[in-house]
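Open the model in your viewer and keep the selection panel at hand. We will go from stop to stop, and at each one you will be told what to select and what is there.

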Amino acid sequence: MAASLVPEGGVAPRQQERDGSGFSPEPAWPSHQKAWTWVIVLTLGYVCAYVDRQIINLLVDPIRADLHLSDTQFSLLTGFAFVFMFSVAGIPIGAIIDRRSRRTIVVLGVLFWSVMTGLCGVAATFPQLFLARTGVGIGEATITPSAYSIISDSFPPERLGRPISFYLTGAGLGTGLSLVFGGALIGALSRFGAVDMPLLGRVAPWQMTFFVTALLGLPIVALALALREPARRGVVGEEQPSWGEVLEFIWTKRGIIPTYVAGIALLAVITFSIMSWAPAYLMRALGGSPLDVGFWLGIIMMVGLPGGLWSGALLSDWLTRRGLREPASLLYILSIGLTIPLTFGMSTAGSIGGALFWILLLLLAGNCSTGVLTAVVQGVVPNRMRGRVSVINIFFQSGAGLTFGALLPALLTDTVFAGDGTRVGQSLAITVSVVAPLGIVCMLPFRRAMARNQRSATLAAGT
């Protein structure tokens, strides 16, 4: 890719010449260093969000004992309390992202979820902890739509796949860190036992874990404040579109955006089903200990999810250089199709080591298309609509992924296998075998619509 001849902060010569003909000048793209600095800071924020989101899963026993909770109540804390507000709050947040400073939204979002994570540590009842968890969800609803918007204004569309994929690696790194280092933190704090703190009185190790985790957001805030937000592109003289106009645009792109949202949501069902039930499979069917399973799954997630996203970005670039016009959807079809045999390999493994190998391949294959596909769609959506289109995607991706990813294998185990928990691996295999073909069905019209969209763009550029 040739380097830009436009000085940073300047206006392209061709655009300057056309200003009198109705064309609006565009700012130059940020420098490579500034653009990637934003990507790194946003990715660190995403990692922090996942650690804050997942750490509660390691604290189930002490929280249940101290607050006298049932399994059902705790499941509401880990799932519904977070996911519902995370999904719903994203809708108004997306509209704000499209019109206000995205850097400010990131800073306020990180501060808010960090404070709410800390408040989880002072909760003394189920309702208090439930409300704190909803606050974590509201705060974390700011990070990804803001990141998509900022990154899309930092890189040309043809170079967007790698930075988007890099950002999405934060989910795998955050999940893995919450398992590996979160477990180490809890172990270290447990050795000290309860401590006395000013104003708070006696503080248990699980409460101190929330306090320490809440501090992770402060460096992210400092780094974001030190950066300058990239200029919005394609918005000179453009008014803020209404929600009705956003939905109308989505309808005009119904072959692209709805099919993309459905495809990503179905892929999320597969990913979250593995993340939710692989630990139970390794412990129930293969006899793994909670400590070993948590450690090795954490390592695998830190390798598999980022590795899949990054390898997908590199492969997409390679295919593009060799003349394939739209490789993202092809990668999706191949990757989601591979999840079927890989899940069957995992479910029939005779050892923990063998199962972990198949899980690693599952995460690599299942995530190689997400970043590049998201980058393609970001290039189709106008700047002033990106925040709201992103939250619509996140609403379905998180809502469907977390809900059905956890629910479908459980229903199969309880019904088809009559509650035999050792058969959860087979339940996973059946779930993936049903969901993956649906994803392929969604992506076929997406490929056709993208081809039409590219032809239209080429004709428009020629005129």
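Helices and strands here are DSSP runs, numbered from the N terminus, with at least four residues for a helix (H or I) and at least two for a strand (E). With that in mind, note that you are looking at a predicted model.

**The whole chain**

Begin with everything shown as a cartoon. The protein chain holds 19 helices and 2 strands. Colour by accessibility, and 52% of its 463 residues count as buried. Among contacts with a separation of 6 or more, 80% are between residues 24 or more positions apart.

**The loop after H18**

Now select Ala-418, in the loop between H18 and helix H19 (424–462). What is the phi of Ala-418? The value is near 55 degrees, which is positive in a residue other than glycine. For background, most residues other than glycine have a negative phi. Ala-418 counts as exposed, because its relative accessibility of 67% is over the 50% cut-off.

**Arg-388 in H18**

Step back into helix H18 (residues 386–415) and pick Arg-388. Is this residue buried or exposed? Arg-388 is buried, with a relative accessible area of 1%. Show the side chain together with Trp-243: the charged end of Arg-388 sits over that ring, 5.6 Å from its centre. Next, add the residues that Arg-388 contacts beyond its neighbours within four places in sequence: Gly-94, Ala-95, Asp-98, Gln-240, Pro-241, Ser-242, Trp-243 and Val-246. One of them, Ala-95, is 293 residues away from Arg-388 in sequence, yet the two C-alpha atoms are 5.7 Å apart.

For another arginine over a ring, select Arg-53 and Phe-86. Arg-53 lies over the face of Phe-86, at 5.1 Å from the ring centre.

**Helix H17**

Select residues 370–380, which make up helix H17. How many of the 11 residues are buried? The count is 9, so H17 is largely enclosed by the rest of the structure. To highlight the buried ones, pick Thr-370, Gly-371, Val-372, Leu-373, Thr-374, Ala-375, Val-377, Gln-378 and Val-380.

**Aromatic pairs**

Show the side chains of the aromatic residues next. A search of the whole structure finds 12 aromatic pairs. Zoom in on Phe-166 and Trp-310: their ring centres are 5.9 Å apart and their planes meet at 75 degrees, so this pair is edge-to-face. The pair joins distant parts of the chain, with Phe-166 in helix H9 (residues 161–192) and Trp-310 in helix H14 (residues 290–321), 144 residues apart. Phe-166 is partly exposed at 29% relative accessible area, and Trp-310 also counts as partly exposed, at 29%.

Another edge-to-face pair is formed by Phe-357 and Trp-358, with 5.9 Å from centre to centre and 70 degrees between the planes. Here Phe-357 is partly exposed, with a relative accessible area of 47%, and Trp-358 is partly exposed as well, with 29%.

Then return to Phe-166 and Trp-310 and add Trp-36 and Phe-155, since ring pairs link these four residues into a cluster.

**H6 against H11**

Hide the rings and select helix H6 (residues 102–120) with helix H11 (residues 217–225). The two pack at an angle of about 170 degrees, and their axes are 9 Å apart. That angle is over the 145-degree cut-off, so H6 is roughly antiparallel to H11. To see the contact, show Arg-103, Val-107, Val-110, Leu-111 and Ser-114 on H6, and Gly-217, Leu-218, Ile-220, Val-221, Ala-224 and Leu-225 on H11. By class, this contact has 8 nonpolar, 2 polar and 1 charged residues.

**Two last selections**

Keep Ile-220 on screen and add Leu-44, found in helix H2 (residues 32–54). Apart from neighbours within four places in sequence, Leu-44 is in contact with Ile-220 and Leu-223. Leu-44 is partly exposed, with a relative accessible area of 39%. Its C-alpha atom is 8.4 Å from that of Tyr-167, 123 residues apart along the chain.

Finish at Phe-126 in helix H7 (residues 126–140). Phe-126 is buried, with a relative accessible area of 18%. Not counting residues up to four places away in sequence, Phe-126 touches Leu-69, Gln-73, Leu-76 and Leu-77.

How values were computed
Residues are numbered from 1 along each chain as its sequence is written. Side-chain values use heavy atoms; hydrogens and water are left out. Buried means under 20% relative accessible area, exposed over 50%, partly exposed in between (1.4 Å probe, protein chains only). Axes are lines fitted to C-alpha atoms, for helices over the stretch in contact, and angles run from 0 to 180 degrees between N-to-C directions. Angles under 35 degrees count as roughly parallel, over 145 as roughly antiparallel, 65 to 115 as roughly perpendicular and the rest as oblique. Contact means heavy atoms within 4.5 Å. Ala, Val, Leu, Ile, Met, Phe, Trp, Tyr, Cys and Pro count as nonpolar, Asp, Glu, Lys and Arg as charged, and the others, Gly among them, as polar. Rings of Phe, Tyr and Trp (its six-membered ring) pair if their centres lie within 6.5 Å; planes under 30 degrees apart count as stacked, over 60 as edge-to-face and the rest as tilted. A charge sits over a ring if NZ of Lys or CZ of Arg is within 6 Å of the ring centre and within 35 degrees of the ring normal.
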